[in-house]
Amino acid sequence: MSKRHRDALARARQTAAVLADPKLRDAVTRAGTAGPDRAPQALAHFDWIRTDGSVDQELLRDTAAGLRDLLDPSALLQFERIDPLPVNEPARHRVCTAVLDTVAQRLGRRTNVPEAVLNAAIAMFAADVSTIRRDGVDLGLLVRTLDGGSYAFADGQDDDDPARP
C-alpha cells in the first residue's frame, strides 16, 4: 500500500476518533481555543489540524481521494501480497479467513473450484497458498470434494450436489 493510502487511512481513523470523543470534538469545533485539558495536546498530533486550530482542507481533500481509491475494486492492486503469514495462530486464522472470503466473493461460493484455480486465486493475496488452503479446511471454510481435485466454500454447499461431501 502506498504512503498516500496509509496516510489517508490514518487520517480517517483520527477523524473518527475526534468525532467519537466529546472533548476532542469540542476542541476542533472551538478552533483550538480549548482550555488546559489534554485535547489540544492530542490534536497537535493530527497533521490535518493546523496549530491555530484550522483544518487543512487541501490535505483532507487528498485524504478523501485516497479513501475513494481504496474503495474502488482495483484497490486490491494497491496492496502487496501477504508474506509471511502471522505466526500467531488466531492472527493467521483471521488473515486466512479474510483471504478466503475475498477469494469466495471473486470466484463465487456455490461452485466447486479446482485446486489449481483456488491456488492461483489465493496466490494473488498471499505467498503461502498451502497454509491458507489447509487452514481454510481446518477452520471449516473450505471442503475438499470427494474426488480430491476441487474445493467448495463451506457456507455455499448445496445438499443436492453429489460432488460435495
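These questions and answers cover a predicted model of one protein chain.

Student: What pattern does the protein follow along the sequence?
Tutor: Start with the inventory. The secondary structure comes to seven helices and three strands. Read from the start of the sequence, the pattern is α-α-α-α-α-β-α-α-β-β.

Student: What share of the residues is buried?
Tutor: The protein has 165 residues. Buried means under 20% relative accessible area. By that cut-off, the buried share is 32%.

Student: What percentage of the contacts with a separation of 6 or more comes from residues 24 or more positions apart?
Tutor: Take the contacts in the protein with a separation of 6 or more. Then pick out those between residues 24 or more positions apart. Their share is 52%.

Student: Is Arg-11 buried or exposed?
Tutor: Arg-11 is found in helix 1, residues 3-20. Its relative accessibility is 8%. The cut-off for buried is under 20%. Arg-11 therefore counts as buried.

Student: Which side chain makes a polar contact with that of Arg-11?
Tutor: Leave out residues up to four places away in sequence, and Arg-11 touches Asp-47, Trp-48, Leu-59 and Thr-63. A side-chain polar contact of 3.1 Å joins Arg-11 to one of these residues. The partner is Thr-63.

Student: Why are helix 5 and helix 6 described as oblique to each other?
Tutor: Their axes come within 10 Å. The crossing angle is roughly 120 degrees. Angles of 65 to 115 degrees count as roughly perpendicular and those over 145 as roughly antiparallel, so this pair falls in the remaining class. The two helices are therefore oblique.

Student: Is the crossing of helix 5 and helix 6 left-handed or right-handed?
Tutor: The angle alone is not the answer here. Handedness depends on which way the near helix is turned from the far one. For helix 5 and helix 6, the crossing is right-handed.

Student: How many nonpolar residues does the contact of helix 5 with helix 6 have?
Tutor: Helix 5 brings Val-99, Leu-100, Val-103 and Leu-107. Helix 6 meets them with Val-117, Leu-118, Ala-121 and Ile-122. By class, polar and charged residues are absent, and the nonpolar count is eight.

Student: Which strands do the buried residues of helix 7 pack against?
Tutor: Helix 7 spans residues 129-138, and its buried residues are Val-129, Thr-131, Ile-132, Arg-133, Asp-135 and Gly-136. They pack against helix 5 and helix 6. The strands they pack against are strand 2 (142-144) and strand 3 (150-153).

Student: Which residue takes a positive phi just after helix 7?
Tutor: Helix 7 covers residues 129-138. Just after it, a phi of about 80 degrees appears. The residue is Gly-140.

Conventions: Residues numbered from 1 in each chain as written. Predicted model: local features only at pLDDT ≥ 70, side-chain atom pairs only at ≥ 80, totals over all residues. Heavy atoms only, no water. Buried < 20%, exposed > 50% of the residue type's maximum accessible area, 1.4 Å probe, protein only. Helix = DSSP H or I, 4+ residues; strand = E, 2+ residues; numbered from the N terminus. Contact = heavy atoms within 4.5 Å. Axes fitted to C-alpha atoms, helices over the stretch in contact; angles between N-to-C directions. Parallel < 35°, antiparallel > 145°, perpendicular 65-115°, else oblique. Nonpolar A, V, L, I, M, F, W, Y, C, P; charged D, E, K, R; others polar. Polar contact = N/O pair within 3.5 Å; in protein donor to acceptor, adjacent residues only side chain to side chain.
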